[in-house]
Each structure stands twice: as structure tokens, then as C-alpha cells.
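Trainee: I would like to go through this model with you. Can we take it one point at a time?
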Protein chains: 2
Amino acid sequence: LRAILLGDLACGYRTQIEAALHTGWDLVSVPDGTAGPERNAALGRADAVVAVRWTGSDPVPAGLRLLQVAAAGYDAVIVDAVPPEVAICNAFGHEPAIGEYAVMTMLAWCHGFLPAAAELRAGRWQMDMQARPPHRELAGSHVLVVGTGRIGRAIGARAAVLGCHVSGINRTVREPPPGFASLDGLAALDRLLPGADFLVLACPLSDETRGLIDARRLALLPPRAVILNVARGAVIAEDALYESLAARRIAGAILDVWWTYPSADDPQPAPSRQPFHELENVIMTPHYSGWTDGLFRRRSADIAANLDRLCRGEPLINVVRPAAAGT
Amino acid sequence: LRAILLGDLACGYRTQIEAALHTGWDLVSVPDGTAGPERNAALGRADAVVAVRWTGSDPVPAGLRLLQVAAAGYDAVIVDAVPPEVAICNAFGHEPAIGEYAVMTMLAWCHGFLPAAAELRAGRWQMDMQARPPHRELAGSHVLVVGTGRIGRAIGARAAVLGCHVSGINRTVREPPPGFASLDGLAALDRLLPGADFLVLACPLSDETRGLIDARRLALLPPRAVILNVARGAVIAEDALYESLAARRIAGAILDVWWTYPSADDPQPAPSRQPFHELENVIMTPHYSGWTDGLFRRRSADIAANLDRLCRGEPLINVVRPAAAGT
């Protein structure tokens, strides 16, 4: 069978997909920038396409049965531009990485790690213990996780084993996941915000969650609260968050996702229209929390598993949109 | 009964000791700088002295029965300068803080946190994933802990729940502590070094451990290894470590303890005669890992417990040197 790795990101998985495959596949790399007749020829026929985006501008390969998104998010795939007989699947594997990121940054907040790590390098050394107030510990903190999908559960489980009290908010209310003391629906959010030391956002961006953390809800948080966002920037009202942080109405923020992203036109934009970088109480990282070797290993294994399943006629995993019945 | 809080550090515990006491004590603060007749008068009579150092230059208060060290380390107490009828006790409570510090900094190493946290602040944003190699995760790392006292056990337990494989080395070999896959004597160190992703030093400084990690043992570590030192600087051969790091024979180091410390003569010294601050592969913190609000809370509780026990005639806890029998 023949699979096209479409775009640089998909091509980057090639070696690990090959290593994980158990069935015979001819993998064809089509990096970004392949254009014109060469691109069309490569896309002529394929059983599967592995890609992170599908805009409909490319020809649909003859015989295509699977569009395997090489990411969890498929907002760059125009689902209606994929023929109904083609199944669309995504891939996970970033949740352990983001779980580690979350406990690392919450620990870093409590322990004042960024200033402490800069002190000796800058030739200062404050060993007069009177002048160095003691810092916090993470254990005992109340962590409120909004969105208990794979990422939210990975964060909550790790926070719990480090001694935090973890509560969850989720659209669908089930039994609390491992480590969570409770799980409530979105209607409980306002009631739980005043008790949060850390408000962790790990929900998908949807009509329901866009601007979820607005000025009113920010005002419900206690002064010691820190917001950690690994969901999407737009889950938080940008200006309201800046105002809260600048005025120290909440203690801080840990932001890995942003409101403005690099583009071809502006490859190094400021990540927000507000000067978050001028605030000392913000830990800023460049949307890198899931970008680990483990992600590549797990995601390649998921992708290879679906190619194996397609080859063997077995049910696919991580199905976003099944192939239309009877096709 | 009367207890003297001798020195600024001991005085800093006053409020929390008072809050934790269940018996009647008259607490007298004698801050650093109290001198001459005032000092001698304050030290005239006491049932207990709480201090971090005892050099023998002060008069021994009449009726003294307990020298309560307000720290775990009592290297600043000249034991022979304390009369035999006085019990010497120390206090712990920093181990949860240092356990958190260790997993925080190991995570920070794996996730390249310090450079990532500097990137957006500096106006850079590297979102070209081809140019950003994926970083490591902590889970799956082999962590070798030298010294499985309170601190070593606190570190190993936390590393284990985050998915690390933890081995221990200790002078006294018992059952492996919770989370440890194995526990061996010091003779096994050379055999275990080649398998370590993280070599964690959490042993006391003694004749046996001074210079323990020397050039020969550094050479036994694999190129990916990172040394984490929360013991004492002198456990590692200073020049040999610098050479190994500068030549990238090992991957990195996380150092919270140093070879040179601030003194009255030199309050802001470089922490080593080697320029560790010029190396990118070193995470440097100013001996602050245990300095948390939780430490104060736990340590004050320990100190108050011993004052209560002395008042009630109950056995003391954390005894370093018991009062001589028959006194």
C-alpha cells in the first residue's frame, strides 16, 4: 500500500513510522514547497495521507481511504473538503509531555525558580535569610483543572501524586479520573474558582469555552491564584487577564498558548497585543509544552498502528470522522 | 520554663514556635549583634537554647538541659563545647521542599525550561518545528540517588511517581525505600554510574563522601548524565566537575550547593573557583532548595514538640547527642 507524508511535519515522522510499521507500506514524502507537476504526480494515488492540514487545494489521491492527521488538533483540516469515503483520524501522545510541563511550571512558580536560577549567574548571592522570604511548596495546593480529557487527566494525576488536592470541571461528568477528588460540570466553575490556587485550562477551544475566563470569572479567583493555560489562548479574555495580572488581583499566570502566532508574514510576532513580557508574574513559554521525543515516539506508533489496521482491514483508532457507510 | 532563641535565624522561628507550643515557655530573643552585658544577662539562665550554632564563646546558661539546633545540619555546633548534661537535638522538615526542588529541576533540564522561558520575553519565537528539536521527558529516566536519608527518600519517591526508575546507594543497606527499585551499598556505586540519567547526591558530607564524585567516577557516567547536588559542594571534586561539563563529557549539572559561600568578609562571592556561570549546561541555584514556608512550619513544630517534651519530662525527638546518663 502507498501512504503520502504530506508537509514537513508529517515527513518528520517518517523514520519512526517506518520503524513502527508491521505491514508493507510504500511511504512517499512530499515536503512543503513541493509544487506543480511534481506535487500532483506524487498525490496521484494513495491509500492513506498523513498530514496536519488539508485545505482542499490539493487533488484527492485516487483510492484514498484514510486521512491520518499527525496531530491531536485537526482545526487545519477542512473536514468537508475530505471525500466522505475517506476516514479522518487524529493522533495523541502529547499528554504525558504536557502533564510534566504543568507540574514543572507549577513547581517553578511555587519555588520562585526563574529568579533563583538567574541570581548566581548574574553574580548576586542573597544568603542573608532575613532578606530572602521563604517560598511556597506545591504540595497542598488546590488545583482546579478545566477540561478532563487526556491532557487534563495527565496533569491532574501528576499534581495529585505530588500532594495537590485536584478538582475537575468537564462538559461530560463521569466518575472522577485517577487523582481527582471531584468532577463537576461547567455550571460548578464559578463556585470552585474562589478555592483555586492553580486554575489549569486544558479544554478544547469551542463556542462554549471561547472567552470562558473573562473579567467576571477572573474576579472570582483569590489573590493567590495562578492561571496555567495549555488549552488555547482564546479561552481567556486577553485584555482582562493582562489587567488582572498587572494590578496583581491574581498572583500570576503560566502561559504556553497565546492569542497571536507566528505566520509567514510575521514570523516573530509578540504573542499578545498586551505586554505580558513586561510583567514579572508571568511564566511565558512558546507553545512548546508537548514538543518532546516521547510525543514523536507515541504519535508515530499511533500513526503506524492505523496504517497497519487499514492494511489488515481492522477498525481504525482515534477516528474523528468515520468513512461513510457503504463506501 | 525559659528558652533563649539565639541568633537571627532562631529568632525568625519565634511566632511559629509560640503558635505550636502546648506548654508554658518564656521565649527570649537574642538576635545577632546583641553583645556585651546585655547578651550575658540574657544568657544567664535557661532551660533550653534554640540556635543554629554554638561555638563555646558564650556562657552556658545556668540550668541548661537542651540545645535545640534549628536546622538539620549541626556542623556549626561544637559538640564538645556543650556540657555533657545538655542534650543536643536537631530539626528536619526540609525534605519535602528539597524533594520538590529535585523533580522541578530534573523536569526543567529535560524540558529545556530555562531557555524556553527566556525566548518570548526576549522577543524571539521559534515556531519552525524543524528548527526546534524535540526535548526530553523525565518519565523513564534512570535516577540514581546517593544517600537515602530523609532527603534522598523524598526525592526518590517523587521521581518514582513521575515515572522514573529509581535506584539508591546508602551506607546502611536496608529494604529499598518506597519508590526505589533497589538499594545497594557504596561499593555498588561504580557499577551503577554508567546507567544513570540523573545522579542525585543527597548524602551527608563526611570523610567517606568528601570528593566522592571525582574525575574517575565522573568518567564512568554516560554522556547523557546530569548530576544534581543537594548534599554539599565538597562531595564533588570541583575542578573535575567543571572540566567534565565544559568538555560536555557529561550532559549537565544542577547545583544548589557550592564550594564557596558568602561570609562577612565576602558577602557575594562566586560560588566556585571555576566559572560554572559561563556554562550553558548548568542550572545554578543559591542553596535555596529547602527554604520554604513548609520548612518553617514543620521545623517550628519539631522545635515546639521538644520544648513540650522537656517541660513534661518526656523523651526528646531528633536527638543528636543525649544528655549524659545520671545528669
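Mentor: The questions below deal with the interface, then the symmetry, then one residue of chain A; the model is a predicted one.

Trainee: How many residues does each chain give to the contact?
Mentor: Take the two sides in turn. Chain A gives 65 residues to the contact. The number from chain B is 65.

Trainee: How much area do chain B and chain A bury between them?
Mentor: Look at the atom types too. Carbon and sulfur atoms carry 65% of the buried area. In chain B, R121(B), W125(B) and W291(B) lose the most, together 16% of what that side buries. The total for chain B and chain A is about 5500 Å².

Trainee: Which residue of chain A meets R298(B) in a salt bridge?
Mentor: The rule finds two salt bridges across this interface. In the one with R298(B), the N to O distance is 2.6 Å, within the 4 Å cut-off. The partner is E137(A).

Trainee: Which element gives the largest share of the side of chain B that touches chain A?
Mentor: Start with the polar side of the contact: 24 residue pairs are in polar contact, both at pLDDT 80 or more. Elements giving two or more residues to this side of chain B include α1 (8-11), α5 (113-119) and α10 (293-312). The largest share is nine residues, and it comes from α4(B).

Trainee: How many residues on that side of chain B are nonpolar?
Mentor: Split that side by class. There are 13 charged residues and 14 polar ones. The nonpolar count is 38.

Trainee: What relation links chain B to chain A?
Mentor: A turn of 180° with a shift of 0.0 Å along the axis lays chain B on chain A, at an RMSD of 0.1 Å. The same surface serves both copies, as 100% of the contact residues of chain B recur in chain A. A turn of 180° without a shift along the axis is the relation of a two-fold axis.

Trainee: Which residue of chain B comes closest to the rotation axis?
Mentor: Go by C-alpha positions. The distance is 2.6 Å. The residue is M104(B).

Trainee: Is E238(A) buried or exposed?
Mentor: E238(A) sits in helix α9 (residues 238-246) of chain A. Its relative accessibility is 8%. The cut-off is under 20%, so E238(A) counts as buried.

Trainee: Which side chain makes a polar contact with the side chain of E238(A)?
Mentor: Beyond four places away in sequence, E238(A) touches residues including W259(A), R273(A) and F276(A). The polar contact between side chains is at 2.6 Å. The partner is S272(A).

Note on methods:
Residues numbered from 1 in each chain as written. Chains lettered and ligands numbered in written order. Predicted model: local features only at pLDDT ≥ 70, side-chain atom pairs only at ≥ 80, totals over all residues. Heavy atoms only, no water. Contact = heavy atoms within 4.5 Å. Buried area = accessible area lost by both parts, 1.4 Å probe. Salt bridge = Lys/Arg side-chain N within 4 Å of Asp/Glu carboxyl O. Polar contact = N/O pair within 3.5 Å; in protein donor to acceptor, adjacent residues only side chain to side chain. Helix = DSSP H or I, 4+ residues; strand = E, 2+ residues; numbered from the N terminus. Nonpolar A, V, L, I, M, F, W, Y, C, P; charged D, E, K, R; others polar. Least-squares fit on C-alpha atoms with pLDDT ≥ 70 in both. Buried < 20%, exposed > 50% of the residue type's maximum accessible area, 1.4 Å probe, protein only.
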